[in-house]
Amino acid sequence: MMLTVHSVTRQFGGFKAVDGVSLQLAAQEILGIAGTNGAGKSTLFAAIAGQQPADAGEIRFEGQDITHQAPYRRARLGLVRTFQVPREFKTLTVHENLLAAAPNPSGERLLGSFFPTRHVREHEARLAEKADGILDFLNLARVRDVKAGGLSGGQKKLVELGRVLMLDPRCILLDEPFAGVNPVLIEEICDRVRQLNAQGIAFIVIEHHLQALKSLSNRMIVMDRGRILAEGDPHAVLEDPRVQEAYMGGVV
Ligand SMILES: Nc1ncnc2c1ncn2[C@@H]1O[C@H](COP(=O)(O)OP(=O)(O)O)[C@@H](O)[C@H]1O
Ligand SMILES: [Mg+2]
């Protein structure tokens, strides 16, 4: 197993937003997570990626206990996430947004801006090239030099994905990648996720767009009030009466 989440709880002043959740993710998987608003999905991501560390339980990534590690350390191991509301730097270009996501080369960057050594210049050239490769892959090359604040919702979601790809991830947590995205771009994002997965990157995808999630996921979890309500084959999970009830009949 690449990722193991064991009995994880995260509370906010006594309220358990995530309440004893356990799940496992294999290296070749795409796991879908659905659930009503406020079910605790984003908080679960925050516990896994480290922004809101677990109050109880244990999280292991590639055999290592990461439960209490800072987010940047988890990212260095290859565990990264995107956010439900994209966090682009609005006044930076798309290309600059990707560069800003790259880890600093051992503090040299600060000095480098005054006395760029050959080492620093070469490193930055490599990063710039890497960012361009990712922009090509995500079909964003034509907006490379556009300020990110002016992009469409769907393009901002792709920039979020581009930013985490700069970190050479092994596992990507995507928080609502299809929200506010047009159907053509949803298909495009699905296609890129499948390609990255085929190259060995595991995914957990939170999404309300259940049809797209069903077609993308190998396995699915539905959360309700901080707990896992159902888990398994996507078709079976969406047919589950408890899931239908949580969605009050009609939505699925
Ligand atoms: N930082 C926070 N402080 C207090 N309550 C929070 C915080 N983050 C989330 N919550 C609460 O935790 C619950 C789960 O939120 P969230 O994980 O965002 O749900 P979901 O992503 O499934 O819609 C909600 O009731 C939300 O109001
Ligand atoms: Mg959420």
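**Note on a two-domain predicted model**

1. Two salt bridges are a good place to start: the rule finds 2 salt bridges across the interface of domain 1 and domain 2. This is a predicted model. A side-chain salt bridge joins Lys90 and Glu88, at 3.1 Å from N to O. Glu88 falls within the range of domain 1, and Lys90 within that of domain 2.

2. Polar contacts also cross this boundary. Between domain 1 and domain 2 there are 6 residue pairs in polar contact, with both residues at pLDDT 80 or more. Which helices help to build the domain 1 side? Helices α6 (153-165) and α7 (183-198) each supply at least two residues of the side that touches domain 2. The largest share comes from α6, with 8 residues. By class, this side of domain 1 has 7 nonpolar, 4 polar and 7 charged residues.

3. Now the division itself. Domain 1 is written in two segments, 3-88 and 152-246. Domain 2 covers 89-150. In sequence, then, domain 2 sits between the two segments of domain 1. The centres of the two domains, taken over C-alpha atoms, are 26 Å apart.

4. How many residues meet at the boundary? On the domain 1 side, 18 residues are in contact with 22 residues of domain 2. The size of an interface is often given as the accessible area lost when the parts come together. Here the buried area is about 1,700 Å². Carbon and sulfur atoms give 64% of that area. Three residues stand out on the domain 1 side: Glu88, Arg163 and Met166 supply 40% of the area that domain 1 buries against domain 2, more than any other three residues. Glu88 thus appears both here and in the salt bridge with Lys90.

5. Next, the sheet. It is open, has 4 strands and runs in the order β2-β1-β4-β5. The pairing is antiparallel. Which strands lie at the edges? They are β2 (15-25) and β5 (64-65), and each pairs on one side only. In a regular strand the side chains alternate between the two faces of the sheet.

6. Strand β1 has a partner on either side in that order. To β2 it is joined by 7 bridges, and the two strands run antiparallel. Gln11 has Lys16 in β2 as its bridge partner. The pair forms a hairpin with 2 residues between the strands. Gly13 lies in the turn, with a positive phi of about 50°.

7. The other partner is β4. Strands β1 (residues 3-12) and β4 (residues 56-61) pair in the antiparallel sense over 5 bridges. Opposite Thr4 stands Arg60 in β4.

8. A further hairpin comes late in the chain. Strand β9 (residues 219-224) and strand β10 (residues 227-232) run antiparallel and are joined by 5 bridges. Met223 faces Ile228 of β10 across the pair. There are 2 residues between β9 and β10, and Arg225 in the turn has a positive phi of about 45°.

9. Finally, a link between distant parts of the sequence. Over the whole structure the search finds 15 salt bridges. One of them joins the side chains of Asp19 and Arg227, at 3.2 Å from N to O. Why does this pair deserve a look? Asp19 lies in strand β2 and Arg227 in strand β10, so the pair ties together parts that are 208 residues apart in sequence. Strand β2 is an edge strand of the open sheet, and β10 belongs to the hairpin with β9.

Definitions and conventions. Residues are numbered from 1 along each chain as its sequence is written. Chains are lettered from A and ligands numbered from 1 in the order in which they are written. This is a predicted model: local features need pLDDT of at least 70, side-chain atom pairs count only at pLDDT 80 or more; totals for chains, interfaces and linings use all residues. Side-chain values use heavy atoms; hydrogens and water are left out. Domain bounds come from an automatic or database domain assignment. Contact means heavy atoms within 4.5 Å. Buried area is the accessible area (1.4 Å probe) that two parts lose on being put together, summed over both. A salt bridge is a side-chain nitrogen of Lys or Arg within 4 Å of a carboxyl oxygen of Asp or Glu. A polar contact is a pair of N or O atoms within 3.5 Å; within protein, one must be able to donate a hydrogen and the other to accept it, and residues adjacent in sequence count only if both atoms are side-chain atoms. Ala, Val, Leu, Ile, Met, Phe, Trp, Tyr, Cys and Pro count as nonpolar, Asp, Glu, Lys and Arg as charged, and the others, Gly among them, as polar. Two strands pair if DSSP finds at least two bridges between them.
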